[in-house]
Amino acid sequence: MGALCSVIKFENLQELKRLCHWGPIIALGVIAICSTMAMIDSVLWYWPLHTTGGSVNFIMLINWTVMILYNYFNAMFIGPGFVPLGWKPENSQDSMYLQYCKVCQAYKAPRSHHCRKCNRCVLKMDHHCPWINNCCGFQNHASFTLFLLLAPLGCIHAAFIFVMTMYTQLYNRRLGRCLMKQAHVLKYVKALVDLWLSFGWNTVKIDMSAARRDPLPLIPFGLAAFAATLFALGLALGTTIAVGMLFFIQMKIILRNKTSIESWIEEKAKDRIQYYQLDEVFVFPYDMGSRWKNFKQVFTWSGVPEGDGLAWPIREGCHQYDLTIEQLKQKADKRVRSVRYRVIEDYSGACCPLNKGIKTFFTSPCTEEPRIRLQRGEFILATRGLRYWLYGDKILDDSFVEGVSRIRGWFPRNCVEKCPCDAETDQAPEGEKKNR
C-alpha cells in the first residue's frame, strides 16, 4: 500500500516527463496491444459469461495487466533511491576508502554509482533501464524484477488465446461454408420437388429443416482481425523470450546478492590479480552465503527493502569497504594502463559515421554511452577499446568551460594516433588485448 501511495503522490510532477521517452512509449504500447487484443480475442474464443472457465480466463487477463502495470509504474516512479547530495560517512577516516563525485559534491556510498542519465549517484545501482527511463537500484529492484517475471507470464497466456482464437475462427468459417453449401443444394432439390408436385405427385415428402437451419454463427473475423491477432502474437512471443531472459539474468545475480555492475567489478578484480600475478583473493563482501538470505535482501513482504541503502550487512571475515577499496585499485590501474592519443582527424560525434569507413560504420558500439566530438590537435586518454572504436576521456585545458569535469565517450580509432611517448611502451587500452 505504501508503494501505491508513492506512485500516486509524486514528489514532483516533473516525474511524469519520464513517460515522454521512446522506452516507456514502446513498452506501454506493447502492453496495450497485447492486453487489448487478448481481451477481444478471448470474447471471440471463450465468451466469459457462458461458462466458469471463460470467466476465470477473462479475470486472469485483467489480473495480468493490472499487476504488470502496477510493478512497471512502481519501478519507474518510485525510482532507485539516490545518495543524498553532500553525503559523507559518519567517520571521517572512512572517506579514504570511498570515491568522491564532483557532480553530486558527495562521497559515493558503498554499492552506489553515478548515473550520467539521471545525473545523480544511485544507491545499489544495477543499470539504467531505457524501458522505464530510470535506474534500477536499491528501492525499485524488487518491482523491476517482478515486472520481468509477470510480463512473460502474461504474454504466454495471451499467446495461447491468440492461437486458439485464430484456430477456432478459421475452423468455424470453414464449417459455416460447408453448411451453407448444403443449404443451397437442398434449396435446389426443393425447387425440383415443387416442379414434381406440380404434376400431382404430392405424396413425396422431403425434410427441409436443414435448409431452414442457419449455419453456425459467424463472428466477424476478417483479414484485418487476423493480421492484428498475428501481429499481437509476434509481440507476445518476442516479449516472452527477451524479457524472460532478462528475468533469469536478474534472478541469478539477486541470489548472489550482486548487481550487474558489481558482477563486472568482480570480473575485473580477477583480471587485475591475474594480470599483475598478485598473491591475493577478492571475496565479494555482500554475499550472505545463503540464497534465501540474499533473496530477502531484495524482496520483502512489505515491498520496502531493508536498510537505508548506505550501509549493508557483510559476510563474516569481510570489511564494509572491501568493494570500494577494490574499485579504487581498479581506478588507479586504469590510469596506469590507459594510453594517450592525439586527434589527427575531426569527428562530429555521430553514432554511425559514414565518412570514417564502412567497417567503422557497421561496428559502432551498441550502447547508450555517448560519442564525443573531436577536433584535430586534441588529446584523448583511452581506457578501453574495440577493434575500430576507442573509449576514453578528453584531456581538458584548465581554461575549458566551467562546470565540465569530464568529457568521455566513444570515438573512431582511425581518427587518432598514439602519442610517441606512449607508443614506446606499447600499452594497449583495456579490452583491446582481448580483441587482438
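This briefing walks through a strand sheet, a nonpolar core and a cavity. Keep in mind as you look around that the model is predicted. The sheet is open and has 5 strands, the largest nonpolar core has 26 residues, and the structure holds 1 cavity of 30 Å³ or more.

**The sheet**

- Let's begin with the layout: reading across the open sheet, the strands come in the order β10-β9-β8-β7-β11, and the pairing is antiparallel.
- At the edges you will find β10 (408–412) and β11 (416–418), each of which pairs on one side only.
- If you ignore direction, neighbouring strands of this sheet are turned by 45° against each other on average.

**Strand β8 and its two partners**

- Now follow strand β8, which covers residues 379–385 and pairs with strand β7 (residues 339–343) in the antiparallel sense over 4 bridges.
- β8 also pairs with strand β9 (residues 389–394), again in the antiparallel sense, and here there are 5 bridges.
- β8 and β9 together make a hairpin, with 3 residues between them.

**Residues that face each other across strands**

- Isoleucine 380 in β8 is a handy residue to pick out, with tyrosine 341 standing opposite it.
- Isoleucine 380 also has a bridge partner in β9, namely lysine 394.
- Leucine 381, also in β8, has arginine 340 standing opposite it.

**The largest nonpolar core**

- Which residues have the most contacts inside the largest nonpolar core? They are Val83, Trp87, Cys115, Met125, Cys135 and Leu323, out of 26 residues in this core.
- Two or more residues of this core come from each of the elements β4 (120–122) and α7 (260–276).
- The element that gives the most to this core is α7, with 4 residues.

**The largest cavity**

- How much space lies in the largest cavity? The value is about 30 Å³.
- To find the largest cavity in the structure, look for its lining residues: Leu98, Gln99, Lys108, Ala109, Ser112, Thr324 and Gln327.
- By type, the lining of the largest cavity divides into 4 polar residues, 2 nonpolar ones and 1 charged one.

**Places to look again**

- For the sheet, try starting at β8 and finding β7 through its 4 bridges, then β9 through its 5 bridges.
- For the core, you could start from α7, which gives 4 residues to it, and then look for Trp87 and Met125, two residues named among those with the most contacts inside the core.
- For the cavity, Ser112 and Thr324 are among the lining residues you can look up.

Conventions. Residues are numbered from 1 along each chain as its sequence is written. This is a predicted model: local features need pLDDT of at least 70, side-chain atom pairs count only at pLDDT 80 or more; totals for chains, interfaces and linings use all residues. Side-chain values use heavy atoms; hydrogens and water are left out. On a 1 Å grid over the protein atoms alone, a cavity is a set of points where a 1.4 Å probe fits but cannot get out, and a pocket is an open set with protein on both sides within 12 Å along at least five of seven lines; lining residues have an atom within 4 Å of a point. Grid points are joined across faces, edges and corners, and a volume is the space filled by probe spheres set on the points. Ala, Val, Leu, Ile, Met, Phe, Trp, Tyr, Cys and Pro count as nonpolar, Asp, Glu, Lys and Arg as charged, and the others, Gly among them, as polar. Two strands pair if DSSP finds at least two bridges between them. Axes are lines fitted to C-alpha atoms, for helices over the stretch in contact, and angles run from 0 to 180 degrees between N-to-C directions. A nonpolar core is a set of buried Ala, Val, Leu, Ile, Met, Phe, Trp, Tyr and Cys residues joined through side-chain atoms within 4.5 Å. Buried means under 20% relative accessible area, exposed over 50%, partly exposed in between (1.4 Å probe, protein chains only).
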